[in-house]
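Hi everyone, thanks for making time. I'd like to walk you through a structure that's new to most of you, so pull it up and follow along.

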Amino acid sequence: MAITLRHHCLRFLTVTSPLIQHFYSTAATNKSTKKPDLKKLRPMILRRIQNRSKEYPIKAMIPVARDVLRNRDVVINGVSVLLRAIPVVACKFCPEVYIGERGHAIRTCRGYKHRKKNQLHQWIGGTINDVLPPVEAFHLNNMFQSEIKHEQRFDYERIPAVVELCWQAGADPSEQNPQPDNWIGKLAEVASDEAASLTTEDFRSVAIETMNAWEEYRKGVDRLLLAYPSKVCAYCSEVHIGPSGHRARLCGVFKYETWRGGHFWKKAGVDDVVPPKIVWHSRPQDPPELCNEGRDFYGHAPAVVDLCSKAGAFPPKEYFTMMKIHGLPAPVAIDITS
């Protein structure tokens, strides 16, 4: 008798799952048993889910969540202070951002809704949201609650995904001191005209502190994602902090309409919760305005790292390859006819 694919699946489930192994123990001798009794499986599965919820929050991860919230405040305050001295521009028709006053001349703009290709950017003044892109998620009542339906999407508050992750990890954001307890937070509250009196060394100190907080911030989020399940859509930037995604049909309003806007969830990473926002990095050997002909020689860097490096901070070694710090400059075209 040929062994069918169904028989292989039954043998796999019998060996791997202890729950289904109990119901398939007689399947080898009794061929009439083809599927488990779901009425008996249901209370066992529900009991396992309830027992799992008692394990959270993990006590060892509570200090990590508090450090993430603290480093997040330092990064936000530090970037807001540095933006007073270093201008940031953003493209009017695409998400491109550049740390500088004039922007670059690299043709990477695809226009509104990606209808064009290889166009010059039209630069406008940037904000802190261009350097630190906001990522929001639904604020759940508890970690293992039922999935949010499409009709319930307005019944839940939208908060930053990192704050929701730390809240589920046991850190209460409301317990944070509303008054800044660090000197960078106090500088962020200073008026713009008073900030002009800050020296170059002051901005360099802010940049170094912000760079260190940025690295600790991302490392802390990475550790939390190993312990707490989080999801991201495979076709958009929607993030959900929880063991399963929500059912709000918010994906693909314009393009992916074949499945009625339902998300396709996968495991979220640190870049999904804390986007690095990669920008072009201008090195000392590069021209004042990056041209399109030398785009293969220029480097990239996260917006926060590029901003801090322009303020005097030394970037970490793991960014050297991306930034092409020791790379060759772009060749200069020489007119031999003149």
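Let me start with a term: by a cavity I mean a set of grid points where a 1.4 Å probe fits but cannot get out, and its volume is the space filled by probe spheres set on those points. Rolling a probe the size of a water molecule over the atoms shows where empty space is left. One caution before we use that: this is a predicted model.

So, how many cavities of 30 Å³ or more does the structure hold? Just 1. The largest cavity has about 70 Å³ of space in it. Around it you'll find Leu140, Met143, Gln145, Ser146, Glu147 and Ile148, and then, further along the chain numbering, His240, Pro243, Ser244, Gly245 and His246. Sorted by class, that lining comes to 6 polar, 4 nonpolar and 1 charged residues.

Okay, let's zoom out. The protein has 338 residues, and 39% of them count as buried. Its secondary structure adds up to 12 helices and 10 strands. If you take the contacts with a separation of 6 or more, 68% of them are between residues 24 or more positions apart. On the outside, the protein exposes about 20,700 Å², with carbon and sulfur atoms supplying 54% of that.

Now a single residue, Asn141. Where does Asn141 sit? In the loop between strand E4 (136-138) and strand E5 (158-160). Is Asn141 buried or exposed? Its relative accessibility is 57%, and the cut-off for exposed is over 50%, so Asn141 counts as exposed. It still has partners: setting aside neighbours within four places in sequence, Asn141 is in contact with Tyr156 and Trp167. Asn141 and Tyr156 are 15 residues apart in sequence, and their C-alpha atoms are 8.8 Å apart in space.

Last stop, the rings. A pair of aromatic rings is described by the distance of the centres and the angle of the planes. The structure holds 5 aromatic pairs. One of them is Tyr235 with Phe264, an edge-to-face pair at 5.5 Å centre to centre, with 90° between the planes. Tyr235 is in the loop between strand E6 (230-233) and strand E7 (239-241), while Phe264 is in the loop between E7 and strand E8 (265-267), so this pair ties together parts that are 29 residues apart in sequence. As for accessibility, Tyr235 is partly exposed, at 39%, and Phe264 is partly exposed at 39% too.

That's my tour, thanks for listening!

Note on methods. Residues numbered from 1 in each chain as written. Predicted model: local features only at pLDDT ≥ 70, side-chain atom pairs only at ≥ 80, totals over all residues. Heavy atoms only, no water. Helix = DSSP H or I, 4+ residues; strand = E, 2+ residues; numbered from the N terminus. Buried < 20%, exposed > 50% of the residue type's maximum accessible area, 1.4 Å probe, protein only. Contact = heavy atoms within 4.5 Å. Areas by Shrake-Rupley, 256 points an atom, 1.4 Å probe, with all protein chains shown as cover. 1 Å grid on protein atoms, 1.4 Å probe; cavity = no way out; pocket = protein on both sides within 12 Å on 5 of 7 lines; lining within 4 Å. Nonpolar A, V, L, I, M, F, W, Y, C, P; charged D, E, K, R; others polar. Phe/Tyr/Trp six-rings, centres within 6.5 Å; stacked < 30°, edge-to-face > 60°.
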